[in-house]
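Student: I should like to study this structure through a series of questions. May we begin once it is displayed?

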Amino acid sequence: MDEENTALFAALAEPSRMRIVKLLRGGPLGVGEIAERLKIRQPQASKHLKVLQQAGVVDVQAEANRRTYRLRPEPFRQLERWLAGYRELWNERFDRLDDYLQTMED
């Protein structure tokens with residue numbers, strides 16, 4: 001696993017950040033809206049958003065004194081590619097197990 005995936009996993013490992021990602025799946029939100037919906041203080045939300053931004057999970061757009069956050073698709077595509085290799089490995093193993101179990105039934 002490369003450094004980018006490590007940063008992504010580290011950012012997503014914290015439950016509040018995962019909840020933020022889940023919220024942002026519905027579309028861009030401001031930090032105040034995120035804090036309100038998660039029932040956390042705005043400084044806490046800002047801290048979590050900074051970690052997500054540093055990991056490349058979110059982009060921020062500044063409009064006057066308001067910051068809007070949105071998910072970036074690239075890290076999730078990268079994660080999907082990384083997981084695909086493991087998915088293939090496990091599918092092959094399950095197919096072999098199925099074959100073996102079929103021979104035991106005969």
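**Aromatic rings, sheet and core**

Tutor: At 26% relative accessibility, Trp-82 counts as partly exposed, since buried means under 20% relative accessible area, exposed over 50%, and partly exposed in between (1.4 Å probe, protein chains only). This is a predicted model, in which local features need pLDDT of at least 70 and side-chain atom pairs count only at pLDDT 80 or more, while totals for chains, interfaces and linings use all residues. Residues are numbered from 1 along each chain as its sequence is written, and side-chain values use heavy atoms, with hydrogens and water left out.

Student: Which kind of aromatic pair do Phe-9 and Trp-82 form?

Tutor: Rings of Phe, Tyr and Trp (its six-membered ring) pair if their centres lie within 6.5 Å; planes under 30 degrees apart count as stacked, over 60 as edge-to-face and the rest as tilted. For Phe-9 and Trp-82 the centres are 5.2 Å apart and the planes make 65 degrees, so by this definition the pair is edge-to-face.

Student: Which helices does the pair of Phe-9 and Trp-82 link?

Tutor: Helices (H or I, at least four residues) and strands (E, at least two) are DSSP runs, numbered from the N terminus. The two residues are 73 residues apart, in distant parts of the chain. Phe-9 lies in helix H1, and Trp-82 in helix H5 (residues 73-105).

Student: How are the rings of Trp-90 and Phe-94 arranged?

Tutor: Both residues lie in helix H5, four residues apart, about one turn of the helix. Their ring centres are 5.9 Å apart and their planes stand at 40 degrees, so the pair is tilted.

Student: Which strands stand at the edges of the sheet?

Tutor: Two strands pair if DSSP finds at least two bridges between them. The open sheet has three strands in the order S1-S3-S2, with antiparallel pairing. Each edge strand has a single partner, so one side of it is left without a neighbour in the sheet; these are strand S1 (29-30) and strand S2 (58-63).

Student: Which residue in S3 is the bridge partner of Val-58?

Tutor: S2 and S3 pair in the antiparallel sense over six bridges. In S3, the partner of Val-58 is Leu-71.

Student: Which element gives the most residues to the largest nonpolar core?

Tutor: A nonpolar core is a set of buried Ala, Val, Leu, Ile, Met, Phe, Trp, Tyr and Cys residues joined through side-chain atoms within 4.5 Å. The largest has 21 residues; Ile-20 and Leu-24 are among those that touch the most other members. Elements giving two or more residues include helix H1 (3-12) and strand S3 (66-71). The most, four residues, come from H3.
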